[in-house]
Structures are given as C-alpha cells and as structure tokens.
Amino acid sequence: MEPMRSEVGVHMMDQVSKRTFTRFALFTAALLVAQAGLYAQGRGGRGGGAPPAGPQSAKTAAPIDLTGYWVSVITEDWRYRMVLPSKGDFQGVPMTPAARTIANAWDPDKEQASGDVCKAYGAPAVLRQPTRLHITWQDDNTLKMETDAGKQTRLFHFGDWKSPGGPPTLQGDSVAAWEGGGGRGGRGGRGGAPAAAPAGPPPPADASLKVTTTNLKGGFLRKNGIPYSDKTTLTEYFDLMNEPTGEPIVVVTIVTSDPMYLSRNFVISSQFKKEPGDTNAKWKPTECSAKW
Amino acid sequence: MTFNKLSVGLALSLCVTVPALAEIDLSGSWAAINDEDAMERGAGPNPDDWAGIPFNEAGRARALSFEQSTISMPERICWFQTQWHIAAGPFSLRMWAVPDPLTGRVQAWIVGAWETRAPMTIWMDGRPHPSKNAPHDQTGFTTGVWNGNELIATTTHIKSGYIRRNGASSSDEAVITTHFRRHGDMMTVALFMNDPVYLTEPYVLTRSYNLSTNPVSIGGPPCIVGDEGVESGRVPHYLPGTNPMTDEMFKLYGIPKEAAMGGAETMYPEFRDKIKDKFKLPAKCVRNCGGGAGAGAN
Amino acid sequence: MKTKLFVLTLAAVTLLGVRAYAHHSFAATYLEGEKMTVQADVLQFLYRNPHSFLQLESKDDKGKSITWAVEWGGGGQLGSQGVQRETLRPGDHVIVVGEPGRDPDAHRMRMISIKRPSDGWSWGGTFD
C-alpha cells in the first residue's frame with residue numbers, strides 16, 4: 001500500500017540524508033583545517049614551526065644577509081657618478097630655484113680648497129659614488145656600512161633606538177627595520193616551476209631593509225654642487241636579489257625628501273654586486289674629493 | 001543533492017576563496033619616476049654613449065654601425081621595442097591580473113603596452129617556455145614566479161632589439177629577468193639582460209614607480225607609419241671605422257672615448273683610475289642640462 | 001554627462017601620456033645646438049604618433065627641388081599646444097627654423113619654430 005511504502009521511503013531518505021550530512025560536515029571541516037594550515041605556512045615565511053621565544057635581535061631576526069663586501073655597478077647616470085659632472089648639468093633632479101642658484105655658483109677648485117670636500121659623500125649621495133661597501137654587524141642591533149670611497153661609515157640602528165640629538169652630521173642618524181617578507185615562495189609559486197626559471201641558487205627572501213635617516217648636515221646630491229639641506233629626510237630600501245648568474249646583488253632605492261631644495265621627492269636606485277670572501281684585495285679607501 | 005556533488009561544489013568554492021599565499025597585488029597605474037637616466041629615457045641618449053654597458057667586441061661593432069636614421073626607414077618606423085624598453089624608455093606602467101575563469105586564480109599578469117612596446121604577458125600557471133626553435137618576436141615569451149611578495153619574470157624568445165636608443169643592441173638570444181618589488185605605494189623594478197652574443201656579463205637597470213590614481217593607458221597611442229625623410233630602399237648605416245660620432249662624449253663632457261665605447265670595466269669603480277688623467281672637465285654644460293622652456297602656438 | 005565624463009577621462013589618460021617620446025634619440029639624430037632656416041612650401045603635414053612630420057619643398061640655388069622632413073611633436077602633444085591637423089595645409093608658405101639632421105642625405109630637421117607669413121601664425125618651443 002502506498003502510505004506504508006511512503007513511510008519506509010521517508011525513513012530511508014532520512015537515514016540517507018543524515019549520512020550525507022554527516023559526511024559532508026566532516027569533509028567541510030577537513031577542508032577548512034587544510035586551508036588554515038596552508039595559509040599559516042604561506043605567512044610563516046620559513047614554512048611554519050614554533051615561533052621563537054622572547055624578542056630577537058635584529059641580527060638573529062635578519063631575513064636577508066647584507067653582510068660582506070659589495071661593489072657598485074654603475075650602469076645608470078654614468079656621467080654624474082663616474083666622472084665629475086659638468087657645471088650646470090642638472091638632468092633629472094627636481095630642483096627648486098633656490099637649489100639652482102646654489103648649484104650655478106659651484107666652483108670645484110673653491111670646493112676643494114675649502115677643505116670641506118665630503119659634501120657629495122653624505123648619506124643621500126654616498127651610495128651613488130663608485131665605491132665598495134663593507135657591511136658588518138657592529139652589535140646585534142646595529143648594522144655598520146663602510147665605504148672605501150670617501151672612507152665613510154653609516155650606522156643603521158634597529159629596535160627602539162633614539163637619536164641622541166646633537167648637531168647634524170654628514171651621515172645623519174639612521175633608524176632601520178626589516179620589512180616585508182611574504183614567505184619564501186621559492187621557485188614554484190602557485191603554478192609550478194616554469195621551464196625557463198633562472199638556474200642557480202634559489203632567490204633570497206623578499207624582505208627588505210628599510211632605513212630612515214634624519215639629522216643630516218647639508219651636502220651635495222651630485223658633485224657638481226646640486227644641494228640638499230639640513231631639512232632632508234632620506235628613506236632607503238635595500239632589496240637583495242640574485243643576478244641571472246646566481247650572484248647576489250643588492251638594489252638600493254633611495255628617496256630623498258628636501259622641502260628647501262627639492263620640489264618633490266628625488267628617487268633613484270643604485271645596485272651593488274657581492275664580492276666573495278671575508279677580505280677584499282680591491283678594497284681601497286680613498287679620501288673624499290670635490291674635483292674628481 | 002548527493003554528497004559528491006556537494007563536496008565538489010564546496011571544494012571549488014573554497015579554492016576560489018583561498019587567499020593568494022605569498023603574493024601581493026601589483027595591479028594599477030604605476031607612474032614612472034624618471035629621475036635617473038632622465039635624458040637617456042626621455043629625449044634619448046647621446047650618440048655613441050655606451051659607458052656602463054658590458055659590451056663585447058661584437059656588441060660594440062654592432063653599435064658603431066648604427067645610424068639613427070635607420071629607425072626612420074618605412075619598414076622600421078613602427079618597429080617594436082623589446083620588453084627592455086620598460087627600463088630604457090620613460091613610460092609609466094599599467095598592470096593588471098588575468099584570472100583563470102574556472103579557479104579564479106591569477107593566470108597571468110599583464111604589463112600594458114605603450115606605443116612601440118608590446119604588452120608583457122607574464123604567465124603564472126607554470127606553462128613552459130616554447131621550444132628553443134620557436135619563432136621570436138619583440139614581445140617575447142614571459143613566465144613568472146612569486147618569491148614571497150616579489151614577482152620574478154623571465155622573458156625569452158625576443159627578437160633583436162635595442163638596450164639603449166643609440167644603437168646598443170641585444171640579440172635574439174637575450175634573456176630578460178625582471179624583478180617587481182613593491183614598497184607600499186612605490187615599486188622598484190630591476191631588469192637584468194643576459195646576452196651571450198653582445199654582452200660579457202648581465203646588464204642591470206633599476207627603475208622606480210609610484211602608484212597613481214591617474215590612469216595609465218593600457219595600450220598607449222598607436223604608432224602610424226609615415227615619411228620621415230628616409231626613402232624606401234636606403235638603409236642608413238656606418239661601415240667599420242667610419243662612425244663620425246665616437247668623440248661626441250669627449251666634446252660634450254670630457255669623457256674619454258674608451259669610456260664611451262663601453263665594456264664591463266666601465267661599470268666598476270677601478271675604471272676611474274684608468275681614465276682620471278684623460279678626463280677633461282668642460283667649462284659648463286652646453287645642452288640637455290635639465291629643465292626647459294615651454295612651447296606653444298601663437 | 002556620461003559623454004562628458006568619457007571625454008574628461010580620455011583627456012586625462014591622453015595627457016598623462018601626451019609626451020610621445022621619440023623611439024629614436026634626438027641627440028643622436030640631430031646636431032643639437034646648431035640651427036638652420038628653410039623657407040619652403042608645405043607638401044604634407046603628417047599629424048601622428050610617435051612624431052608628426054612636416055614635409056616641405058624648397059628650391060636650391062640652382063632651382064632644383066629639395067624635400068625636407070621636419071620632425072615635430074606627437075599628435076597628442078601638438079594638439080594640447082594649439083596645433084591641429086588642419087593648422088597647416090599643402091601649399092602654405094612657411095619659414096622653419098630647426099636643428100639639422102646628422103644624416104645630410106635625409107634632409108631632415110627638428111622643429112624649433114615655424115612661421116606662416118601670410119597670416120602671422122607661428123609656433124615655437126620644444127617637444128619630446
């Protein structure tokens with residue numbers, strides 16, 4: 001009889017529905033757990049694992065290794081960097097009229113004779129010089145950068161370091177932080193390894209060193225007298241990459257902001273190739289020069 | 001609905017909503033900041049200025065044979081630049097992602113075209129590059145991988161092109177590797193040119209961009225062929241030893257010829273010792289000194 | 001309203017890229033810093049990208065015809081400076097001052113200024 005069959009049918013449907021629902025719920029839960037795990041891995045940077053206990057020093061936490069010897073690779077603005085630029089050659093620099101007046105009065109002989117010959121080796125300009133860098137950890141929270149051109153030293157302070165104040169200096173006061181680092185995707189990304197991925201070691205982590213420098217003494221953005229003032233703020237991003245040959249190269253994006261002599265931010269980028277070894281026979285400290 | 005259908009549907013929807021792991025959004029209009037190499041990228045470099053290019057002899061010879069009017073030949077007026085023009089030209093970039101219609105994942109990133117540079121399609125789906133013997137074009141074939149938040153793109157299969165707009169050339173065996181790194185609303189793009197035919201080591205240029213709310217055109221203004229003064233059938237060139245402009249950089253800037261002729265040594269600090277006594281500072285800048293007068297019709 | 005918005009957007013987009021930078025290098029193509037003057041008649045005004053070209057015909061001292069190609073700004077850039085496609089017509093007699101081309105066989109110049117004596121119209125300046 002139909003009603004009995006219906007009741008049996010309904011009862012059977014109930015059982016099936018309950019089984020289906022239970023299996024579905026378990027499956028959903030499993031998927032969600034897997035998703036959370038993948039998400040945590042992607043954000044974890046180093047593939048998960050227990051987070052370290054207590055605050056880490058900048059040196060311990062460093063996601064990229066900038067230490068060692070580096071040589072500038074001058075492929076851009078060559079005539080402004082490798083030789084003394086001509087008087088009045090201001091291509092590319094967003095100068096204010098006040099800056100132009102100062103730069104038009106530049107005299108390299110007078111600059112050299114004045115004794116104040118390191119104006120173009122201040123923090124906003126020193127990484128444009130053809131130079132070698134030697135980067136080491138002065139302590140666990142201070143990265144030291146030395147240049148052989150002009151014998152300059154810059155200190156990048158991590159953590160909650162505060163400037164001790166005092167008169168402005170050529171290299172200013174620099175506060176540093178590790179930035180970014182979305183996880184080491186390595187080669188595969190999400191789509192699998194492409195056939196033509198560059199050979200050699202995997203790329204370094206995508207984290208950057210961000211350095212903000214203030215308390216700068218006025219100087220020159222280029223050796224031909226383009227000035228920056230003591231109101232300048234400098235922001236730099238140090239990005240570590242691999243050349244196609246696999247050799248490390250650091251790209252420094254340099255943003256100079258000066259309300260007195262620049263009409264807007266002046267943005268340039270310098271690159272430095274790693275030179276192997278703990279010593280460097282090519283390291284050649286030379287004095288600043290205003291004429292060469 | 002059965003369990004299987006429900007499960008498949010849920011799995012698919014979760015795939016679509018899974019966040020992009022270790023990737024960032026590069027889409028938008030990126031305004032070029034042309035503060036370095038301003039002249040080289042804008043109005044164009046000085047003739048025979050190849051300082052800082054790691055040429056070999058073949059690269060130098062090819063550059064010396066170049067006569068600028070070549071690009072005014074009717075066949076070459078709208079000749080496309082390779083993707084290296086991202087670095088060698090002054091243009092802003094428009095970037096956008098193309099999703100896979102089924103999964104919603106990014107299948108490709110596009111760097112929009114401009115005038116004489118074709119769009120760069122960066123395939124993100126793991127497809128291999130074509131066979132070594134596949135045809136080349138100015139666009140090339142580009143694949144990309146994420147290194148955390150850094151996009152690394154590799155371009156192969158490009159035709160011969162210019163690495164500087166004064167005759168310095170790349171061959172059809174060149175490979176361009178492009179790194180896109182975002183710092184907030186600023187982006188650093190580093191391009192590496194590896195060319196076994198014309199270069200002795202990688203040539204690197206780095207550029208900066210600001211994210212802008214002013215839209216950058218997806219394609220740029222179209223190039224139209226016209227009469228630029230070079231009659232059909234003539235191929236402007238210089239035979240070996242006849243290039244008349246090899247002293248131009250010395251005349252303008254006091255830069256000795258051996259520097260202007262390029263080579264890897266011109267990229268490194270120690271080269272300064274070699275040319276110090278040959279460099280002659282001119283009295284002042286005489287042209288292309290930065291800034292300029294406006295223009296207009298009366 | 002929609003049309004106005006479209007036009008404004010198009011203008012903004014165009015202006016952002018209005019500098020149709022040469023795909024060749026000016027410094028390498030022309031003898032910058034030098035000037036020459038040509039009095040000639042317009043043959044054709046090629047109003048285009050990447051660069052507009054003005055084709056002129058003059059006569060040398062023997063009465064032989066010479067055709068000049070004078071490079072000028074891209075269509076978008078010129079348009080914003082008041083120079084339109086119809087501004088110059090075949091037959092117009094003009095006086096052009098420009099930088100001579102490095103290739104003497106091309107009879108080529110880069111525009112510095114142009115004047116049309118018949119009505120006093122002129123343009124002067126620089127372009128990219």
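Me: Two strands pair if DSSP finds at least two bridges between them. What makes β9(A) and strand β10 of chain A a pair?

Reply: First, a word on the model. This is a predicted model, in which local features need pLDDT of at least 70 and side-chain atom pairs count only at pLDDT 80 or more, while totals for chains, interfaces and linings use all residues. Residues are numbered from 1 along each chain as its sequence is written, and chains are lettered from A and ligands numbered from 1 in the order in which they are written. Now the pair: β9(A) and β10(A) (residues 248–257) are joined by 10 bridges, and at least two are required, so they pair. The two strands run antiparallel, and one of the facing couples is Met241(A) with its bridge partner Ile249(A) in β10(A). In their hairpin, 5 residues lie between the strands, and Gly246(A) takes a positive phi near 95°.

Me: Why is β9(A) called largely enclosed?

Reply: A residue is buried if 20 or more other C-beta atoms, placed from the backbone, lie within 10 Å of its own, exposed if 12 or fewer do, and partly exposed in between. In β9(A), which spans residues 233–242, 8 of the 10 residues are buried, so the rest of the structure largely encloses this strand.

Me: What makes β9(A) a partner of strand β6 of chain A as well?

Reply: DSSP bridges again. There are 6 of them between β6(A) (residues 208–214) and β9(A), and the rule asks for at least two, so this is a pair too. The sense is antiparallel, with Thr212(A) standing opposite Thr235(A). On the β5(A) side, Thr212(A) faces Val175(A).

Me: How do you know in which sense strand β5 of chain A pairs with its partners, β6(A) and strand β4 of chain A?

Reply: Take them one by one. β5(A) (residues 173–179) and β6(A) share 7 bridges in the antiparallel sense, including the one between Ser174(A) and Thr213(A). β4(A) (residues 153–157) and β5(A) run parallel and are joined by 2 bridges, which meets the minimum of two, so they count as paired. In this parallel pair, Phe156(A) stands opposite Ser174(A).

Me: Why is the pairing in the closed barrel of chain A called mixed?

Reply: The barrel has 9 strands in the order β1-β2-β3-β4-β5-β6-β9-β10-β11. Within it, β4(A) and β5(A) run parallel, while β5(A) and β6(A) are antiparallel. From one strand to the next, the twist averages 30°, an angle between lines fitted to C-alpha atoms, taken from 0 to 180 degrees between N-to-C directions.

Me: What order do the strands of the chain B barrel take?

Reply: Its 9 strands close in the order β1-β2-β3-β4-β5-β6-β9-β10-β11, with mixed pairing. One parallel pair is β4(B) (residues 120–123) with β5(B) (residues 141–147), joined by 2 bridges. There, Trp123(B) stands opposite Thr143(B). Chain B as a whole has 7 helices and 12 strands; helices are DSSP runs of H or I with at least four residues, strands runs of E with at least two, each numbered from the N terminus.

Me: How do you know whether Tyr253(B) is buried or exposed?

Reply: Count its C-beta neighbours: there are 27 inside 10 Å, so Tyr253(B) is buried. Tyr253(B) sits in helix α5 (residues 248–253) of chain B. Beyond four places in sequence, Tyr253(B) touches Arg79(A), Ser86(A) and Pro282(B), where a contact means C-beta atoms within 7 Å.

Me: What makes a set of residues a nonpolar core, and which residues have the most contacts inside the largest one?

Reply: A core is a set of buried Ala, Val, Leu, Ile, Met, Phe, Trp, Tyr and Cys residues joined through C-beta atoms within 7 Å. The largest has 115 residues, and Val250(A), Leu191(B) and Met193(B) have the most contacts inside it. Apart from it lies another core, of 23 residues, among them Leu54(C) and Phe127(C).

Me: How many residues does each chain bring to the contact between chains B and C?

Reply: Chain B gives 42 and chain C gives 40. The chain B side divides into 17 nonpolar, 19 polar and 6 charged residues. Chain C itself has 3 helices and 6 strands, and 41% of its 128 residues count as buried.

Terms used. Contact = placed C-beta atoms within 7 Å. Nonpolar A, V, L, I, M, F, W, Y, C, P; charged D, E, K, R; others polar.
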